[in-house]
Amino acid sequence: VAFTTDPRAGRSSQYCTDVAKALNAPIFHVNGDDVEAVVHACELAAEWRQTFHSDVVVDLVCYRRFGHNEIDEPSFTQPKMYKIIRNHPSALQIYRNKLLESGQVTDDDIGNISQKVSTILNDEFLASKDYVPKRRDWLSAYWTGFKSPEQISRVRNTGVKPEILKNVGKAITTLPDNFKPHRAVKKVYEQRAQMIETGEGLDWAMGEALAFATLLVEGNHVRLSGQDVERGTFSHRHSVIHDQETGEQYCPLDHVIINQNEEMFTVSNSSLSEFGVLGFELGYSMENPNSLVMWEAQFGDFANGAQVIFDQFISSGEAKWLRQTGLVVLLPHGYDGQGPEHSSARLERYLQMSDDNPFVIPEMDTTLRKQIQECNWQVVNVTTPANYFHVLRRQIHREFRKPLIVMSPKNLLRHKDCKSNLSEFDDVRGHPGFDKQGTRFKRLIKDQNMHSDLEEGIRRLVLCSGKVYYELDDERKKNNATDVAICRVEQLCPFPYDLIQRELKRYPNAEIVWCQEEPMNMGAYNYIAPRLATAMTALGRGTFEDIRYIGRAPSASTATGFYSVHVKEQTELVQKAIQPEPIKTNTTI
């Protein structure tokens, strides 16, 4: 295709389709001036695809008459080529002459067809000036019953009956009698079986597996792909187990119900192309709204290899094309001393692309989904297995679809305190996970010290998100700082104004601190601060200047490469957040 770039500069060989040779796919080269040959080649390619279920490529050899667009001047860089193109008859003229010479049609026939097409185009052009798009017009047959932001959706509970949890929990922790797993994996599954038996100490991987299993029981397809997702990058998932003698594979989630269709649950280690795989999963989620479709990065920062997909499609697809997607993106994130390439999932980028207004508190009816329906996506940094369970199930148990960006944990996968009891997963009134509306995802987790609705003696309210909470809580216990409250913002976007204001009212005399482990120019601070200030101002609790920041100093690199430096920084920031002295200014480590 003629353009301002020479073919030799745009690719490494003469034909743009040579890349398909690596796939062993047939390539049909066809002259774009021969319209019947083009039709034949395309039909042949379609038949090949349907017959052999493998890739096929059509190389349509043609040209751009006007270069890049109608107002472009391609002769600036391609004078000889465009001199030939200007004197070359169009494909329409060539085919018209061919038909006239064959005697199959007359000039009048061609004129009538041309007039008919021109009339259709003109009519549609005129109609477009007054056309107001309806969001529902863009939802295909698979999307029947889903709602657009103009149609208010109510909150649904995501708790599951205890007997179902027990049954599926037993199914996904049972291995065939003659199967010989690795001894370490066998121990993992024995521990999981014990979690279900006792109902206590469920870890992250078990919470995820229960989310998958309960959705499967309800008839939903669950799909997970990414680099090393079958085992899990951090050897925590073990969704596919390998017999140590025969090499045979077994997937417990393929056996949740009797005679389960193995296609119901799909977990696939992907190729090493974040861009290609995430793009495919995005398309899959758009065609299958009743499937939980997930892509997991090996480490969160590896997602930058798919930045085009996030920028052009996931963050803005609904705004540009009215197309919804419920795609879930899992991005391992957290500062554990692993260096600048394995610490940050670049949380700030996803928050910066969020479209909620930081200076306007939206309608916050707890029974409605209006706030989430009107934003472009959700960004969460979850800290308990039960809350992870509920946020995954929430993706399916609602009447609309919205992308979900998850800052998934690393060291919390095996953290002694990052555990949930089975009662936090069920729908029984009076159990820990059940609140006024039922059992569901908690956008904010309040302080766990059984505080009353009014605690005037609390001197500091520390707001945070993610695994730094557990380090802050340890420091608080060590110093017996009972006059410090710590709340976890589990859903960063859209911002939980109602729950933040509830906590501000609970602690009327507390100084307000945002604590994070990321540098000041990264993490959630620049997203949280103006929204927190808006919530405070509405209650008369101060302004932006009254928010105290505690975290790492601004930095070009996401993290230090020295473990000893990491430990020093991490220790200092949690100590500052819990210190007995008032925090008078922003504190950077």
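**Exercise 1. Start at Arg223: which residue stands opposite Arg223 in β6, and how do β3 and β6 pair?**

Solution. This is a predicted model, so open it with that in mind.
- Step 1: look across from Arg223, and you'll find Thr266 in β6.
- Step 2: now zoom out to the strands. β3 covers residues 221-226 and runs parallel to β6, with five bridges between the two.
- Step 3: put the pair into the full sheet. Seven strands make it up, ordered β6-β3-β7-β8-β10-β9-β16, and the sheet is open with mixed pairing.

**Exercise 2. Which strands stand at the edges of this sheet, and how far are neighbouring strands turned against each other on average?**

Solution.
- Step 1: read off the two ends of the order, β6-β3-β7-β8-β10-β9-β16.
- Step 2: the ends are β6 (265-269) and β16 (491-493), and each has a single partner strand, so one side of each has no neighbour in the sheet.
- Step 3: for the twist, ignore direction and average over neighbouring strands: you get 20°.

**Exercise 3. Work out where the largest nonpolar core lies with respect to the domains.**

Solution.
- Step 1: get the domains straight. The chain splits into domain 1 (7-130), domain 2 (162-425) and domain 3 (449-578). Between domain 1 and domain 2, the C-alpha centres are 44 Å apart.
- Step 2: collect the core. It has 65 residues, and the members touching the most others are Leu210, Phe212, Leu253, Leu292 and Leu472. Helix α8 (residues 204-217) gives the largest share, nine residues.
- Step 3: check who contributes. Residues come from both domain 2 (162-425) and domain 3 (449-578), so the core lies between these two domains.
- Step 4: take Leu210 as a probe. Skip neighbours within four places in sequence, and its contacts include Leu165, Ile172, Ile196, Phe389, Leu422 and Phe425.
- Step 5: don't stop at one core. Another, of 55 residues, lies apart from Leu210's core, and among its members are Ile309, Phe310, Leu499 and Ile528.

As background, nonpolar side chains in soluble globular proteins tend to be buried together.

**Exercise 4. Sort the partners of three salt bridges, Lys21 with Asp18, Asp107 with Arg96 and Asp473 with Lys477, into buried, partly exposed or exposed.**

Solution. The structure has 30 salt bridges, and these three make a handy sample. You'll need the cut-offs: buried is under 20% relative accessible area, exposed is over 50%, and partly exposed is in between.
- Step 1: Lys21 and Asp18 bring their closest N and O atoms to 3.4 Å. Lys21 has 58% and is exposed, while Asp18, with 19%, counts as buried.
- Step 2: Asp107 and Arg96 meet at 2.6 Å, N to O. This pair links distant parts of the chain, 11 residues apart: Asp107 sits in helix α5 (residues 107-128) and Arg96 in helix α4 (residues 91-102). Asp107 has 45% and is partly exposed; Arg96, with 32%, is partly exposed too.
- Step 3: Asp473 and Lys477 have an N to O distance of 3.3 Å. They are four residues apart in helix α15 (residues 468-478), which means about one helical turn separates them. Asp473 is buried at 10%, whereas Lys477 is exposed at 54%.

If you'd like a bigger motif to look up, Asp336, Lys410, Lys467, Glu471 and Glu517 are linked in a salt-bridge network.

**Exercise 5. Where in the chain do the cis bond at Pro494 and the positive phi values of Arg346 and Asn480 turn up?**

Solution. Begin with the usual expectation: most residues other than glycine have a negative phi, and most peptide bonds are trans.
- Step 1: the bond joining Cys493 and Pro494 is cis, with omega about -10°. Pro494 lies in the loop between β16 and α16 (497-506).
- Step 2: Arg346 isn't a glycine, yet its phi is about 60°. Its place is the loop between β8 (328-332) and α12 (347-352), and with 22% relative accessibility Arg346 is partly exposed.
- Step 3: Asn480 has a positive phi near 50°. Asn480 belongs to the loop between α15 and β15 (484-489), where its relative accessibility of 58% makes it exposed.

Key:
Residues numbered from 1 in each chain as written. Predicted model: local features only at pLDDT ≥ 70, side-chain atom pairs only at ≥ 80, totals over all residues. Heavy atoms only, no water. Domains from an automatic or database assignment. Core = buried A, V, L, I, M, F, W, Y, C linked by side-chain atoms within 4.5 Å. Buried < 20%, exposed > 50% of the residue type's maximum accessible area, 1.4 Å probe, protein only. Contact = heavy atoms within 4.5 Å. Pairing = 2+ DSSP bridges. Axes fitted to C-alpha atoms, helices over the stretch in contact; angles between N-to-C directions. Salt bridge = Lys/Arg side-chain N within 4 Å of Asp/Glu carboxyl O.
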